[in-house]
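Me: I have a model open and would like to go through the terms used to describe it. Could you take my questions one at a time?

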Amino acid sequence: MASSSRILNDEMSALAERHKRGEVAIRKVKPLADKAAETETDYAKAKTDFDTAQSDAETAALALQMTEKVIADLPALEKAQSAFEALKQKWQEASDELNKLTALDGDYKVIVENQTALDVAKACCAN
């Protein structure tokens, strides 16, 4: 019995030592496991951000292609400027003509008023 007690005691000591080594190992591994979990979370977030950025880049590339097509369809700058200058000249001519017509209309109204006054004066003198 002493021998079985001694074997039991040795086994208990061995288990206690293993337990102690297991705790030490866990204390050494736990920070690494926590860091690994944090790294995994960071990786997942970075992957999501990357996927979003990639999608945004594809959208931007399509927008750029559409913009380049619109720009290519626009008339040449010189042609557009020439057309603008021609329209500007026509507008200026029309504006000058309108000013002349407005002045003539004012003169016409003065002439009509003077003619009316003259007719009234002649009618008074004729009587």
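**Terms set against values**

Reply: Gladly. Let's start with D105, which is partly exposed because its relative accessible area is 37%, and partly exposed covers what lies between under 20% and over 50%. Keep in mind that this is a predicted model.

Me: What makes D105 and K109 a salt bridge?

Reply: Their side chains meet with N and O 3.6 Å apart. The cut-off asks for a Lys or Arg nitrogen within 4 Å of an Asp or Glu carboxyl oxygen, so the pair at 3.6 Å qualifies. Both residues lie in helix α2, which runs over residues 77–126, and they sit four residues apart, about one turn of the helix. As for K109, its relative accessibility is 49%, so K109 counts as partly exposed.

Me: How many salt bridges are there in the whole structure?

Reply: A search finds three. One of them joins K45 to D49, with the closest N and O atoms 3.0 Å apart. Another joins D51 to K47, at 3.4 Å from N to O. In general, side chains of opposite charge can pair when their charged atoms come close.

Me: Why are K45 and D49 separated by about one helical turn?

Reply: Because they are four residues apart in helix α1. The reasoning carries over to D51 and K47: they are four residues apart in helix α1, so about one helical turn separates them.

Me: Why is K45 called exposed, and D49 partly exposed?

Reply: The threshold for exposed is over 50%. K45 has a relative accessible area of 53%, so K45 is exposed. D49 has 42%, so D49 is partly exposed. In the other α1 pair, D51 at 35% counts as partly exposed, and K47 at 39% is partly exposed too.

Me: And what makes R27 exposed?

Reply: R27 has 59% relative accessibility, so R27 counts as exposed under the rule of over 50%. R27 is found in helix α1. If you would like a distance to check, R27 and A76 are 49 residues apart in sequence and 73 Å apart in space, C-alpha to C-alpha.

Me: Why do L8, M12 and L15 count as a nonpolar patch?

Reply: A patch of this kind takes nonpolar side chains, Leu and Met included, that have over 30% relative accessible area, have no salt bridge and are joined within 5 Å. L15 shows the accessibility step: its value is 46%, so L15 counts as partly exposed and passes the 30% cut-off. L15 lies in helix α1, residues 2–73. Together the three residues offer about 310 Å² of accessible area on the surface.

Me: How do you know that the protein chain is not a compact globule?

Reply: Set the two radii of gyration side by side: a compact globule of 127 residues would have one near 14 Å, but the protein chain has 50 Å. The C-alpha trace spans about 165 × 40 × 15 Å along its principal axes. Of the 127 residues, 1% count as buried, where buried means under 20% relative accessible area. The secondary structure comes to two helices and zero strands.

Me: What does the accessible surface of the protein chain come to, and how many charged side chains are there?

Reply: The accessible surface is about 11700 Å², with 63% belonging to carbon and sulfur atoms. There are 17 positive and 23 negative side chains, and the centres of these two sets lie 12 Å apart.

Methods: Residues are numbered from 1 along each chain as its sequence is written. This is a predicted model: local features need pLDDT of at least 70, side-chain atom pairs count only at pLDDT 80 or more; totals for chains, interfaces and linings use all residues. Side-chain values use heavy atoms; hydrogens and water are left out. Patches are made of residues with over 30% relative accessible area and no salt bridge: like charges are joined within 9 Å, nonpolar side chains (Val, Leu, Ile, Met, Phe, Trp, Tyr) within 5 Å. Accessible areas come from the Shrake-Rupley method with a 1.4 Å probe; for residues, only the protein chains shown count as cover. Buried means under 20% relative accessible area, exposed over 50%, partly exposed in between (1.4 Å probe, protein chains only). The radius of gyration is taken over C-alpha atoms; the globule rule is 2.2 Å times the number of residues to the power 0.38. Lys and Arg count as positive and Asp and Glu as negative; His and the chain ends are not counted. The place of a charge is taken as NZ of Lys, CZ of Arg, CG of Asp or CD of Glu.
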